[in-house]
Amino acid sequence: MELKTLTGALGVAVAMAATPTFAQDTTVIGVSIPAATHGWAGGMNFHAQEAVDRLEETYPELDFVLATASDPAKQVNDIEDMVAARGIDALVVLPFESEPLTGPVKNVADNGAWVTVVDRGLSEEGIEDLYVAGDNPGFGRVSGEYFADKMPDGGKIVVLRGIPTTIDNERVEGFQSAIDGSGIEVLGMEHGNWNRDDSFTVMQDFLSKYPEIDAVWASDDDMAVGALAAIEQAGREDVQFVLGGAGMKEMIKRVMDGDEMIPADVTYPPSMIATAIELTALNFVSNAPVSGEFVIGSVLITPENAENFYYPDSPF
Amino acid sequence: MSDTVSVKPASNRASPFLDLHILGPILALIVLVVIGALMNPNFLSYANITNVLARSAFIGIIAVGMTFVITAGGLDLSVGSMAAFIAGLMILVMNALLPAMGSGVGVILVGMLTALVAGLLAGGLNGFLITHMRIEAFIVTLGSMGIYRSLVTWLADGGTLSLDFGLREIYGPVYYGGLFGISWPIIIFALVAIIGEVVMRHTAFGRHCAAIGSNEKVARYSAVHVGRVRMATYVLLGILVGVATIMYVPRLGSASSATGVLWELEAIAAVIIGGTVLKGGFGRVWGTVIGVLILSLIGNILNLTDMVSPYLNGAIQGVIIVLAVVLQRDKKAEG
């Protein structure tokens, strides 16, 4: 590190003497993300760390500061510390919540740093230089299209929803408009809170309530695990398949192996944080323009393409 | 702890007729069962009753232990995190031993022993800090709540710890199987509750808990080993958390940082709904069992009907908890 910085600084000094416009030393990029408190966030932490390690290796002139926060207040503190103590040139932030993070991130932008916002938008427009996000309405739409495709004669399904949030609403709206007119009847929808235990409980109650269920949209892989256990326990043969989402490695594996209960999955990749970090780095190491919006589409994973989405090392 | 000398003998409370304080939780449970049966014909089906009772068992077993802690004037906020940590630890130990011991009952027995020992140590640590270092129970257990939650996240590397699939097949019957059509979690819950009730009512330990919770000073003058009894309540609770985890792990065969979130509050709420006094001095194990059933029946009924928005699930539970405490306060004001 020291030697690298020294040679880097020497090189920069020589370069500065030659071309005075080239005045950049090390670029410090701060990355602020929520802590690994559930599966998807765990995967995101893994991909963030991996991207940082790789980029630091590839570009000696880049320096990264990675902080994980367990609540919005801690995340604000992290960002303030990055500005005050590390003098960051750029910030990649996945906001815990939009509202409380808007002001602090705006301050960073006002100080002249490059700002990349990931996944959850801020509540004021025009703050960030780059916005990288998953496609929530698309996540619901792709799932809904799969159901319409798989059940051409219609059928009875139940839906497990996530934690009550706008993300969940967008997904469900996308899903409903995709199955509109397909003859698929949604018997019931309950919140499984993106949690195995909760969805196990909700699925048990669904199975008590409805004598016939053709399929389940679990809308998340953690919830799919819970739903599958409940179906297995009840010994119900009527449920033909469960569609999860997000791309948990165990589920991708089951799709790969041709498991009939898990015929497909829909991506909402935790690795989008890596996309955001790479693009931000690109802004500093290349002449390619990267500002704007980058929406990562939700893709249907089937046994044919599952291999491309399988990360056996990731915790998610 | 209040300084008023108000040690109420349990016998005073055991035999009045039409005492709302005693009948309240039972009435609430009956009303809920009637509402459930009217709303959905499947409510009283064997499968549904079994599901509700079996899923109540985790919180229920923990809540029985919590009844003793609260009766003795203590509190434990760490049980949910502790359960998650013990579940993670069990899974790690069993997966690690699998190559050496082979897939069999032996590994599972070692896993169970791990849970009990870990629960004993975790409860003992809480008890030691509270009784010997003289730190508020609220603070100690708030601290250990954060510690265990972080530890399980760390053990799982932010993801989910999963039990080896072959082991899950062998271990599964501990949750899904049973004796004479009654599943194991229900049997264990019933045993823990019956033993708890007997210990609370008919042993010196139970009476000492109530005495300490009611007035520590008087208890001390009456030659009660305050520190030892209080320590025992935390150790007992820790072991019961271990027992609950033994039942929990075979269900989904996994543990993550989302495991056991808010269990501590559900357990405390069940204890209070059941008529145990939050400030200590009086505890009722059978009431706690009813409290646990009330809480899980509310969730079950809301899932079985479409009448109330699921957004309001928490609100309805909240109203019932507050009502239970209002009843309790009225009784306290009288006596």
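User: Looking at contacts in chain A between residues at least 6 apart in sequence, what share joins residues at least 24 apart?
Analyst: That share is 72%. Keep in mind that this is a predicted model.

User: Okay, and how does chain B do on that count?
Analyst: In chain B, residues 24 or more positions apart account for 78% of the contacts with a separation of 6 or more.

User: What's chain A built from, helices or strands?
Analyst: Both: chain A has ten helices and twelve strands.

User: And how many of each in chain B?
Analyst: There you'll find 15 helices and four strands.

User: How far does each chain stretch along its principal axes?
Analyst: The C-alpha atoms of chain A fill a box of roughly 80 × 35 × 30 Å. For chain B, the C-alpha trace spans about 60 × 55 × 35 Å.

User: What does the radius of gyration of chain B say about a compact globule?
Analyst: It agrees with one, because a compact globule of 335 residues would have a radius of gyration near 20 Å, and chain B has 20 Å.

User: How much of each chain is buried?
Analyst: In chain A, 55% of the 316 residues are buried. In chain B, buried residues make up 52% of the 335.

User: Now the outside. How much surface does chain A have, and what part of it is carbon and sulfur?
Analyst: The accessible surface of chain A comes to about 13500 Å², and 51% of that belongs to carbon and sulfur atoms.

User: And what does chain B expose?
Analyst: About 14600 Å², with carbon and sulfur atoms supplying 73% of it.

User: How many charges sit on chain A?
Analyst: Chain A has 17 positive and 52 negative charges, and the mean positions of the two sets are 4 Å apart.

User: What about the charged side chains of chain B?
Analyst: Chain B has 18 positive and 14 negative side chains. The centres of those two sets lie 10 Å apart.

User: Switching to rings: how many aromatic pairs are there over all chains?
Analyst: The structure holds 15 of them. One is B:F58 with B:W263, a stacked pair at 5.8 Å centre to centre with 10° between the planes.

User: Where do B:F58 and B:W263 sit in chain B?
Analyst: B:F58 is in helix 3 (residues 46-71) and B:W263 is in helix 13 (residues 263-273), so the pair ties together parts that are 205 residues apart in sequence.

User: Are those two buried or exposed?
Analyst: Both B:F58 and B:W263 are buried. Another stacked pair is B:F85 with B:Y148, at 5.4 Å centre to centre and 25° between the planes.

User: Which helices does that second pair connect?
Analyst: B:F85 lies in helix 4 (residues 79-101) of chain B and B:Y148 in helix 6 (residues 137-155), so this pair ties together parts 63 residues apart in sequence. Both B:F85 and B:Y148 are buried too.

User: Which residues do ring pairs link into a cluster?
Analyst: The cluster takes in A:F200 from chain A, along with B:F58, B:Y175, B:Y176, B:Y248 and B:W263 from chain B.

User: Back to chain A. What's up with the phi of A:N193?
Analyst: A:N193 has a positive phi of about 55°, although it is not a glycine. The phi of A:W194 is near 55° as well, again a positive value in a residue other than glycine.

User: Where would I look for A:N193?
Analyst: In the loop between strand 7 (184-191) and helix 7 (196-209) of chain A. A:W194 is in the loop between strand 7 and helix 7 too.

User: How accessible are they?
Analyst: A:N193 is partly exposed, with a relative accessible area of 27%. A:W194 also counts as partly exposed, at 22% relative accessibility.

User: Last stop, A:L62. Where is it, and is it buried or exposed?
Analyst: A:L62 is in strand 2 (residues 62-69) of chain A. At 4% relative accessibility, A:L62 counts as buried, because the cut-off for that is under 20%.

User: What does A:L62 touch, leaving out residues up to four places away in sequence?
Analyst: A:L62 touches A:T26, A:T27, A:I29, A:E56, A:A281, A:F284 and A:V285.

Technical notes
Residues numbered from 1 in each chain as written. Chains lettered and ligands numbered in written order. Predicted model: local features only at pLDDT ≥ 70, side-chain atom pairs only at ≥ 80, totals over all residues. Heavy atoms only, no water. Helix = DSSP H or I, 4+ residues; strand = E, 2+ residues; numbered from the N terminus. Rg over C-alpha atoms; globule rule 2.2 N^0.38 Å. Buried < 20%, exposed > 50% of the residue type's maximum accessible area, 1.4 Å probe, protein only. Contact = heavy atoms within 4.5 Å. Areas by Shrake-Rupley, 256 points an atom, 1.4 Å probe, with all protein chains shown as cover. Lys, Arg positive; Asp, Glu negative; His and termini not counted. Charge placed at Lys NZ, Arg CZ, Asp CG, Glu CD. Phe/Tyr/Trp six-rings, centres within 6.5 Å; stacked < 30°, edge-to-face > 60°.
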